[in-house]
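Biologist: I should be grateful for a close look at the salt bridges of this model. Which side chains meet in them, and where do the partners lie?

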Amino acid sequence: MPPLPRLPLGLLLAGTLLAGCSTGPAVDGGTPSAASSAAKDISAPDADADAAAADTGERLAALLGNTGGPADVVLLGDSFAAGEGAGSYQPVDGVADSLCHRSAAGLLSAPGNSTVIHNAACSRARISALGSAQQMQGHGNAGVPAQLDQLRGVRPDLVLLYIGGNDAGFAELLQACIVEDTSCAGDAVLRQATKQTLRDLRAPLTQLYTELGAWGAPVLVLPYPRLFDAAQNPGQDACGRLTPEELSFGLDITDALNSTIEQSVAAAGLPNVRYVDALEDSFAGRGACSADPLVVTARLGPLLNAAASVSAAQEVLHPTEEGYRVLTGDLLQWMEDHPS
C-alpha cells in the first residue's frame, strides 16, 4: 500500500507531534487523551513483563548498594524521561493538566516498586530547561521552574537523563516529513543543516554532563530508542503518512543524535557520567509501524484522534506504558552488566 496522501492534518500536528518538539507554549490544555487510552490498550501487561518488573526496586537498590532501603532516583530532561505516552500523568507544580506529562507509569515504574522517584523532567524540554524556567501553557509567566531548582535538597543515588532531541530540532524535521509534498529523505539541505545542528550540540551537552557530574551521584545518559523498524517490505504499508525512505531518514537522525550524545559524554570525561549503550534497539520488531507496537503509533487513526488535542498529539511517537517497562528492563540489565 502506498503512503497516505499529505492531508491538512499534518498542519495541525507538525509542531506538536513529538512532545519534545515544540519550544513555544501549546495552544490548549489537556485532559487524559484518546491517545492515552490507545496506549493503555496497546500496552496491556503480559506475564513476562510483570515478572521482570516486580523486582525493579530490589534490583536497583542492590545495584546502587542500598540493600537496607529504597534507592532515590532523579529523572531529568525531556519527554522520554518524563514518561510521555504512558498516561497516568501527575500534576506539575500544582497544575493538574500540565502538558509536561510526567507519568507515574514511565521509567522504573513497576507494581510494588520501592524506588523513590523524583521526576523533574518535562515534555518539550531543551538543555536550557535544566537551569532556567521552561515556558509551558497553564504555568503562567513564570513557567515551570528549572529542573535542577526543583531538586534542591535531594541527594540522589542515581540520575537518569534524556536530553538533546528538542535541541536537535525534531519539530522542523517532522514538519519537513509530514507537511511537505516532497520527501524529506532526499532533502540535501535539510540533511546538512541537521548535521551542523548536531555538531553545535556537542559543546552544550558536554558542559551539562560536566555540571551534573559535579553532584557526585552516578549519572546515566540514555540514548533515544529507534522508534521505527528499519526494513519495510515492497508493497507493505509504509506507516501511514511516512514513506520507507522517510522512516530510514528518521532512523539516521536518531543514530546521529545518539552518537553525538555518546561523544559528548566521552568529552566530559567523568567516571560517574556514563552513556548507556543498550536502549537504542529496545523496540526492535515492535516499532511504531508494527502490528504490536511499543510506541504510540503514527498511523492515521491515532493521528486523527491527536488532531483534536495537543495533549494527545504530544503522545504520538513516544513509548507506551509497556514500552517504558521494556526500557526499564534493558536499563537494569545494562547496569548489571556494567557495574560502576
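Modeller: Arg-59 is a suitable place to begin in this predicted model, as a residue that is buried, with a relative accessible area of 18%. The side chain of Arg-59 meets that of Glu-336 in a salt bridge, at 2.9 Å from N to O. Arg-59 belongs to helix H4 (residues 56–63) and Glu-336 to helix H11 (residues 321–337), so this pair ties together parts that are 277 residues apart in sequence. Glu-336 itself counts as partly exposed, at 34% relative accessibility.

A further salt bridge joins the side chains of Arg-226 and Asp-255, with 2.9 Å between N and O. Here Arg-226 lies in the loop between strand E6 (219–221) and helix H8 (244–268), while Asp-255 is in helix H8, so the pair ties together parts that are 29 residues apart in sequence. Asp-255 is partly exposed, and its relative accessible area is 32%.

Asp-149 and Arg-152 also meet through their side chains in a salt bridge, at 2.8 Å from N to O. Of these two partners, Asp-149 is partly exposed at a relative accessible area of 39%, whereas Arg-152 counts as exposed at 68% relative accessibility. The cut-off for exposed is over 50%, so Arg-152 falls in that class and Asp-149 does not.

Beyond these pairs, Arg-286, Asp-292 and Glu-322 are linked in a network of salt bridges. In total, the count for the model comes to six salt bridges. As a general principle, side chains of opposite charge can pair when their charged atoms come close.

Definitions and conventions: Residues are numbered from 1 along each chain as its sequence is written. This is a predicted model: local features need pLDDT of at least 70, side-chain atom pairs count only at pLDDT 80 or more; totals for chains, interfaces and linings use all residues. Side-chain values use heavy atoms; hydrogens and water are left out. A salt bridge is a side-chain nitrogen of Lys or Arg within 4 Å of a carboxyl oxygen of Asp or Glu. Helices (H or I, at least four residues) and strands (E, at least two) are DSSP runs, numbered from the N terminus. Buried means under 20% relative accessible area, exposed over 50%, partly exposed in between (1.4 Å probe, protein chains only).
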